[in-house]
Amino acid sequence: RRPSVHRRCAELADGGVCVRPHDASGSSQAPSSRPYDAGLARHRAPRATAAVMGVAAAAWLACADASADIVRIPAVPVNLTSDSERMIAYRSQERMWQTSDGVTHVLINRGQVSEGHSLALYASPDGGATWDGPMVSIPGSVAASSSDGYLSGDRLTLTFDDLHGVIRHAALDYDSTSRSWNLGEVQTVLESPLGKAVAPSMAQDGLGRVWLAFTFKDNTTGHFSIRVMLKRPRESSAVDSGLVFAADGSEANERCARPVQTANGIGIVYSLHEELHWVERNDFWPLEAAWFGRRIGAKDKPTPDPFGCHFSVTTDADGHLHIAWVDNGAVRHSRHRPTDVGWVTRTLTGNIRANYVQAVATGGALMIVSNTYSHAAAYQSIDGGDTFTRTHTLLHASPDEHTAYNWPRLEAPGRSSSPVPVLQQFVDRGMQRLMWFPVPAASSPQSTSRRR
């Protein structure tokens with residue numbers, strides 16, 4: 001059974017819970033509305049052969065593209081390569097942005113090709129077709145590093161992990177005249193003898209404070225939890241916020257967190273096994289005040305997700321939060337508006353072997369890009385997420401003895417102009433590469449301010 005919420009936090013009548021920072025008496029978390037079965041089998045299902053997958057994908061394309069309104073976009077391989085499978089991992093993290101001069105930027109992991117500086121920032125002046133760089137390589141990053149960042153004006157703030165479970169933080173300033181980046185000092189956020197941290201992600205609240213969440217494994221117990229660091233403006237280092245959640249006493253990772261700025265404060269989307277949760281606080285609450293939390297949803301059929309990071313979060317022009325996530329091969333969308341009490345969740349597809357999803361706010365439209373077997377598809381909404389239509393199919397070339405498309409990881413900016421630059425990872429002659437799709441945004445017949 002999962003531990004109950006901290007004794008000073010009462011469960012709310014509408015199903016929400018409050019989550020307090022931990023103190024000497026224990027830690028707090030948002031409890032599940034369903035009991036946790038520690039004996040639940042979480043084995044990986046047998047993988048289909050490439051031939052079977054190819055036949056299934058072809059059948060899906062034949063049926064799915066029956067509508068003449070669905071546009072096919074062929075892949076264009078680009079000049080970005082790596083020897084790391086984590087070239088663009090994980091889904092919950094953000095590593096692609098657009099600056100005000102229209103240039104697109106992506107942070108990839110080049111692997112052991114540049115060990116010690118594996119994370120590298122590239123720039124594209126033509127929306128993703130060609131890439132210049134690396135503009136900057138990040139010291140201290142390795143082939144195992146995953147990264148996240150947010151762009152505010154011309155400043156890009158990054159966080160990343162390394163092989164030893166250390167979390168680091170860096171800021172870069174952009175010069176649009178020279179189209180160059182200036183890297184500041186790389187600082188260590190967390191280096192603990194008590195455990196290892198992975199999959200960091202962060203966001204800034206309305207008061208300029210940076211909230212950095214990560215998955216933490218305790219070296220003594222082997223148990224996983226999610227912890228949060230806080231960095232205040234004008235302070236050189238981050239401190240422990242005291243917030244610990246998703247601490248269910250499990251030795252399975254299967255959890256991941258994504259902070260996001262809200263209209264009034266900061267929130268965190270996090271996964272815990274088959275469930276997706278939400279906690280939030282107001283900017284003007286005392287730091288020791290409880291966070292309000294609730295469960296967003298759960299997978300109908302629990303499927304293994306070793307790191308729990310297969311979800312993507314974005315905020316549209318109206319300040320509404322959108323999450324794209326997967327459930328047993330199907331694509332789901334969850335939405336939260338400032339006036340909503342909870343989250344509204346819809347299932348957008350059947351089982352299309354979806355595993356990698358990206359949520360993108362683009363103009364008056366919301367786009368969710370997902371793999372469909374080894375190809376990909378774009379689903380768009382022009383009514384704020386009430387309804388979705390599949391608008392585009394993204395097609396790669398046929399596999400041969402040199403190429404493979406078994407792990408179709410996707411990357412796109414969380415906020416983007418149109419067409420949206422979508423990157424998909426594939427293998428070519430033993431190297432990881434990316435291919436590019438320019439996906440036009442659907443046009444909205446009405447302004448976002450008139451949405452329901």
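Is Trp343 buried or exposed? Trp343 is buried, with a relative accessible area of 12%. The cut-off for buried is under 20%. This report follows Trp343 and several other parts of the structure. The model is a predicted one.

## Aromatic pairs

A pair of aromatic rings is described by the distance of the centres and the angle of the planes. The count here is six aromatic pairs. Among them is the pair of Phe245 and Tyr270. Their ring centres are 4.4 Å apart, and the planes stand at 55°, so the pair is tilted. Phe245 belongs to strand 16 (residues 239-245), while Tyr270 belongs to strand 18 (residues 265-272). The pair therefore ties together parts that are 25 residues apart in sequence. Phe245 is buried, at a relative accessible area of 0%. Tyr270 is buried too, with a value of 0%.

Trp278 and Trp343 form another pair. This one is edge-to-face, with 5.3 Å from centre to centre and 70° between the planes. Trp278 sits in strand 19 (residues 275-282). Trp343 sits in the loop between strand 23 (330-336) and strand 24 (344-347). The two rings thus tie together parts that are 65 residues apart in sequence. Trp278 counts as buried, at 1% relative accessibility.

## An open sheet

Strand 23 and strand 24, on either side of the Trp343 loop, also belong to an open sheet. Four strands form this sheet, in the order 21-22-23-24. Strands of a sheet pair through backbone hydrogen bonds, either parallel or antiparallel. In this sheet the pairing is antiparallel.

Strand 21 and strand 24 stand at the edges. Each has a single partner strand, so one side of each is left without a neighbour in the sheet. Neighbouring strands are turned by 20° against each other on average, direction ignored. Strand 23 and strand 24 are joined by four bridges. Arg335 has Val344, in strand 24, as its bridge partner.

## The second largest pocket

How many residues line the second largest pocket? The lining has 24 residues. Tyr150, Leu151, Arg258, Thr315 and Arg415 lie nearest the centre of the pocket. The space in this pocket is about 620 Å³.

Several strands contribute to the lining. Strand 4 (96-98), strand 8 (147-152), strand 13 (195-204), strand 17 (255-261) and strand 21 (311-315) each supply at least two residues. Strand 21 is also an edge strand of the open sheet. By type, the lining holds 11 nonpolar, 10 polar and three charged residues.

Conventions. Residues numbered from 1 in each chain as written. Predicted model: local features only at pLDDT ≥ 70, side-chain atom pairs only at ≥ 80, totals over all residues. Heavy atoms only, no water. Phe/Tyr/Trp six-rings, centres within 6.5 Å; stacked < 30°, edge-to-face > 60°. Buried < 20%, exposed > 50% of the residue type's maximum accessible area, 1.4 Å probe, protein only. 1 Å grid on protein atoms, 1.4 Å probe; cavity = no way out; pocket = protein on both sides within 12 Å on 5 of 7 lines; lining within 4 Å. Points joined across faces, edges and corners; volume = space filled by probe spheres on them. Nonpolar A, V, L, I, M, F, W, Y, C, P; charged D, E, K, R; others polar. Pairing = 2+ DSSP bridges. Axes fitted to C-alpha atoms, helices over the stretch in contact; angles between N-to-C directions.
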